[in-house]
Amino acid sequence: MRRRWLWLIPGVAVLGALTAAVFPVGVGILVALLTGVVAAVVLYRVQRARLLELADEVNQWLDTRTHPPVDLIDETPWRQLAVALNALGAAYDRRGMKLRRERPWRRELVDSIVGPALLFSGEDRLMAANDAARDVLGMPDGDAGATLVQALGSASLIGAAREARAVGRPVQVDADLGQREVRGTASPVGDEILLVLTDLTEQRRVDELRRNFVVNASHELKTPVTSIQTLADALVVALERDARKASELVGRLNEEADRLARLTHDLLDLRKLEDRGTLERGPVDLVQLVREVVSDVTSAAGERGISISCELPESAIVAGVEHELRLVVDNLVRNAIQYTPEGGDVTTGLERADGSYELVVSDTGIGIPQQDLRRIFERFYRVDVARSRERGGTGLGLSIVRHAVQRHGGSIEVESLLGEGSTFRVRLPIERSG
């Protein structure tokens, strides 16, 4: 209350006394009361205006980073209130500056985490999320301040974050996000919650592939092993009763042993190719490899009346591992011979294109049905199971080819028409890559 307004109180009293002296007592009292009421209303409006003005100044602090001080007033009570408000504003200024300094640091901390990570405030509001987390959760960029429910959208992850806050220790949970499976670890950091996600999708896929591989490998190994055991038992009997039959059984025993050996070697080759270690690359001449492989199979192909031709340049040098690239050429050429009827043709060629050499292996064989084309590179997958086993195939050849080509940064494509033959195209980069 301003001091000049305090003069109204004695002024009203003097006015009442003068009125009582001039007018009758009743009239004087009435005039004094009316004057007092008017004075009170004026005082109320003045103080209310001052309070509204002060409140407006404080409300404006919400829109600014710094708090401009309110005006100091001469009257002691108002001055004390203004000083208290200015002190409060200064304290919030200091706290805001501290938070602004910490916020970039926290964002940098979350961004530095390799896996998906999110940080939530004590009010369950999103403070920071790295790009990996946005990718896994499908979050837009401009979602700062989103609630726990809005940011995560998974009941399991939301429950883990809330439980971690409640119990004050890390909580781990697995969650299904549609196309992805993740494991979330929610950890309390002060009054905030750090949620780190681990994408389990690839791991689960690999585990499934390993389980299928073990089942398929066990089945494939059991077949020749069982045959060898049966033939061995029959051979014991035949040696005593029928020498000619014994000789036939020995031949079949050798065939099954060879099949078992090929399967074992293919399994070992595939296991080595699946190793993600660094390749010890060196210069490899694909022309020389093709010539050596063709030379090895020419005799077997000739026995079946299959013609093998090569269209090769003088040399085709690439950076790679000779043994693995030999597996590529050997499996493609032998497959072409295996699935080509007597009197057919197999053609092998090399062409240079766009920094790569393209190995082309074509045949006039039985071809591959369109519905099987996308699966022929799977382990143990056979288009014609009976024919493959009859020819001693292991079902791993094309899977070995694919792994070897991928390890060298190349690609493989196949074109085929049922009854007309198949063409495999392998592109291998000339220079070292990866």
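Of the contacts in this protein with a separation of 6 or more, 59% are made by residues 24 or more positions apart. The model in which these contacts were computed is a predicted one, and its secondary structure comes to 13 helices and 12 strands. Of the 434 residues in the protein, 37% are buried, while the accessible surface comes to about 25800 Å², with 54% of that area belonging to carbon and sulfur atoms.

A convenient place to begin is the open sheet, which is formed by five strands in the order β7-β9-β10-β12-β11 and has mixed pairing. Its edges are β7 (307–311) and β11 (411–417), each of which pairs on one side only, and the twist from one strand to the next averages 15 degrees. In general, the strands of a sheet pair through backbone hydrogen bonds, in either the parallel or the antiparallel sense. Within this sheet, β9 (residues 345–353) and β10 (residues 356–363) are an antiparallel pair joined over eight bridges, and R352 has Y357 in β10 as its bridge partner.

Two helices can be followed against these strands. Helix α10 (residues 286–303) lies across β7, β9, β10 and β12 (421–429), and runs at about 170 degrees to β7. Helix α11 also packs on the sheet, where it touches β7, β9, β10 and β12, and its direction makes about 20 degrees with that of β10.

The helices and strands just described also contribute to the largest nonpolar core, which has 38 residues and in which L286, V328, L332, L359, F424 and V426 have the most contacts. Two or more residues of this core are given by each of α10, α11, β9, β10, α13, β11 and β12, and the largest share, eight residues, comes from α10. As a general matter, nonpolar side chains in soluble globular proteins tend to be buried together. L286 offers a view of the packing at one position: leaving aside residues up to four places away in sequence, L286 touches A316, V318, L325, L350, Y357 and L428. Apart from this core lies another, of 24 residues, among them L118, L126, L152 and A175.

Elsewhere in the chain, further strands pair with one another. Strands β1 and β5 run antiparallel and are joined by four bridges, with L119 having L194 in β5 as its bridge partner. Strand β5 also pairs with β4, again in the antiparallel sense, over eight bridges, and here V189 has E192 in β5 as its bridge partner. The hairpin of β4 and β5 has two residues between the strands, and in it G190 takes a positive phi near 65 degrees.

The charged side chains add another set of links. Side chains of opposite charge can pair when their charged atoms come close, and the structure holds 11 salt bridges. In one of them, the side chains of R165 and D124 meet with a nitrogen-to-oxygen distance of 2.8 Å. This pair links distant parts of the chain, with R165 in helix α7 (residues 155–167) and D124 in the loop between β1 (117–120) and β2 (126–129), 41 residues apart. R165 is partly exposed, with a relative accessible area of 30%, and D124 is likewise partly exposed, with a relative accessible area of 21%.

Another salt bridge is formed by R180 and D199, whose closest N and O atoms are 3.9 Å apart. Here R180 is in the loop between β3 (171–176) and β4 (181–189), D199 is in strand β5 (residues 192–199), and the two are 19 residues apart. R180 counts as partly exposed at a relative accessible area of 25%, as does D199 at 32% relative accessibility.

A further pair, E324 and R407, forms a salt bridge in which the closest N and O atoms are 3.0 Å apart. Because E324 lies in helix α11 (residues 322–338) and R407 in helix α13 (residues 397–407), this pair ties together parts that are 83 residues apart in sequence. Both E324 and R407 are buried. Finally, E358, E415, R425 and R427 are linked with one another in a network of salt bridges.

Methods:
Residues numbered from 1 in each chain as written. Predicted model: local features only at pLDDT ≥ 70, side-chain atom pairs only at ≥ 80, totals over all residues. Heavy atoms only, no water. Buried < 20%, exposed > 50% of the residue type's maximum accessible area, 1.4 Å probe, protein only. Contact = heavy atoms within 4.5 Å. Areas by Shrake-Rupley, 256 points an atom, 1.4 Å probe, with all protein chains shown as cover. Salt bridge = Lys/Arg side-chain N within 4 Å of Asp/Glu carboxyl O. Pairing = 2+ DSSP bridges. Axes fitted to C-alpha atoms, helices over the stretch in contact; angles between N-to-C directions. Core = buried A, V, L, I, M, F, W, Y, C linked by side-chain atoms within 4.5 Å.
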